[in-house]
Amino acid sequence: MNFNFKHKIASKIGLLIRKFLYIEANSAIERIRRGGGRIGQNVKFFDVQTCFIDPTRPWLLRIGDNVSITRGCVILTHDYSKIVLKNLYGPYYGEGQVTTIGNNVFIGMNSIVLMGTTIGNNVIVGAGSVCHGNYPDNVVIAGNPAKVICTLEEHHRRIKEREIKDAKQCACAYRESFGNNPSEYDMREFQHLFNDEESAYFKRFHDFLKDC
């Protein structure tokens, strides 16, 4: 079995998996909406089966447009730790707060958004973060507890500065793994670095590969 055939089979399997996950994610979104939760357009669960979206009070959940929720994330609208108080003091205290995620937000893998949290617009949440409180617009947050680590503008500048280095590293790693150069499709996320536009860093894909 040659490499190209294996690549085609792997691509078809990947496509089927993505379709299945897309259907699962849409079903989860509709369940939340039926429970009164507000979810905007173009909300993506990259692996909804590993995520936990609080089912106890879905009407307290607010998620804006263009939100990406990755593998293993937890989003809560309640806090059952009050059971410790009940066992010690007797009364069963009620609780429940609105949890809000703004527009254009990315929530990194295995992050937790606790009850009552508000995440602003245009926010990146780093992997493994525990979010509690109010976070402003246009920032990157990370940690436990999650804190603002930089503005989105600062993050954009850093990503832009290291992009060429990342592209070369991806191409070199591909070459080491397979013994030949990656195709333009394999490097499609870096496409704007090597095209015919005046702003492109490399004029041709071949020039990019020579420089790696």
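Let me begin with Asn110, which is found in the loop between E8 and E9. What I shall describe is a predicted model. Phi of Asn110 is near 60 degrees, a positive value in a residue other than glycine. As a reminder, most residues other than glycine have a negative phi. With a relative accessible area of 47%, Asn110 is partly exposed.

A second asparagine shows a positive phi as well: Asn138, at about 60 degrees. Asn138 lies in the loop between E13 and E14. Its relative accessible area is 38%, so Asn138 counts as partly exposed, a class that runs between the 20% and 50% limits.

Staying with backbone geometry, I turn to a peptide bond. Asn144 and Pro145 are joined by a cis peptide bond, with omega at about 0 degrees. In general, most peptide bonds are trans. Pro145 is placed in the loop between E14 and strand E15, the latter covering residues 146-151.

Now to the sheets. In what order do the strands of the 5-stranded open sheet stand? The order is E1-E4-E7-E10-E13, and the pairing is parallel. At its edges are strand E1 (38-39) and strand E13 (134-135), each of which pairs on one side only. Within this sheet, strand E4 (residues 61-63) pairs with strand E7 (residues 99-101) in the parallel sense, over 3 bridges. In register terms, Leu61 stands opposite Thr99 in E7.

There is also an open sheet of 4 strands, ordered E3-E6-E9-E12, with parallel pairing. Why is one side of E3 and of E12 left without a neighbour in the sheet? Strand E3 (52-53) and strand E12 (130-131) stand at the edges and have a single partner strand each, so one side of each has no neighbour in the sheet. Strand E9 (residues 112-113) is joined to E12 by 2 bridges, and the two run parallel. Here Val113 stands opposite Cys131 in E12.

Let me move to the interior. The largest nonpolar core has 28 residues, of which Phe45, Ile69, Ile107 and Ile119 touch the most other members. Which elements give two or more residues to this core? They are helix H1 (3-34), E4, strand E8 (105-107), strand E11 (123-125) and strand E14 (139-143). H1 gives the most, with 4 residues. Separate from this is a second core of 10 residues, which includes Ala167, Ala171, Leu193 and Phe202.

To return to Phe45 in the largest core, what does Phe45 contact beyond its neighbours within four places in sequence? Its contacts are Ala25, Ile29, Cys51, Ile53 and Ile69. Ile69 is itself among the residues that touch the most other members of that core.

Finally, the surface. Leu85, Leu88, Tyr89 and Tyr93 make a nonpolar patch of about 460 Å². Of these, Tyr89 is placed in helix H2, residues 83-89. Is Tyr89 buried or exposed? Tyr89 has a relative accessible area of 55%, and it is therefore classed as exposed, the cut-off being over 50%.

To summarise this predicted model: one open parallel sheet has 5 strands, and another has 4. The largest nonpolar core holds 28 residues, and a separate one holds 10. For the backbone, I would recall the positive phi of Asn110, that of Asn138, and the cis peptide bond between Asn144 and Pro145.

Notes:
Residues are numbered from 1 along each chain as its sequence is written. This is a predicted model: local features need pLDDT of at least 70, side-chain atom pairs count only at pLDDT 80 or more; totals for chains, interfaces and linings use all residues. Side-chain values use heavy atoms; hydrogens and water are left out. Patches are made of residues with over 30% relative accessible area and no salt bridge: like charges are joined within 9 Å, nonpolar side chains (Val, Leu, Ile, Met, Phe, Trp, Tyr) within 5 Å. Accessible areas come from the Shrake-Rupley method with a 1.4 Å probe; for residues, only the protein chains shown count as cover. A salt bridge is a side-chain nitrogen of Lys or Arg within 4 Å of a carboxyl oxygen of Asp or Glu. Buried means under 20% relative accessible area, exposed over 50%, partly exposed in between (1.4 Å probe, protein chains only). Two strands pair if DSSP finds at least two bridges between them. A nonpolar core is a set of buried Ala, Val, Leu, Ile, Met, Phe, Trp, Tyr and Cys residues joined through side-chain atoms within 4.5 Å. Contact means heavy atoms within 4.5 Å.
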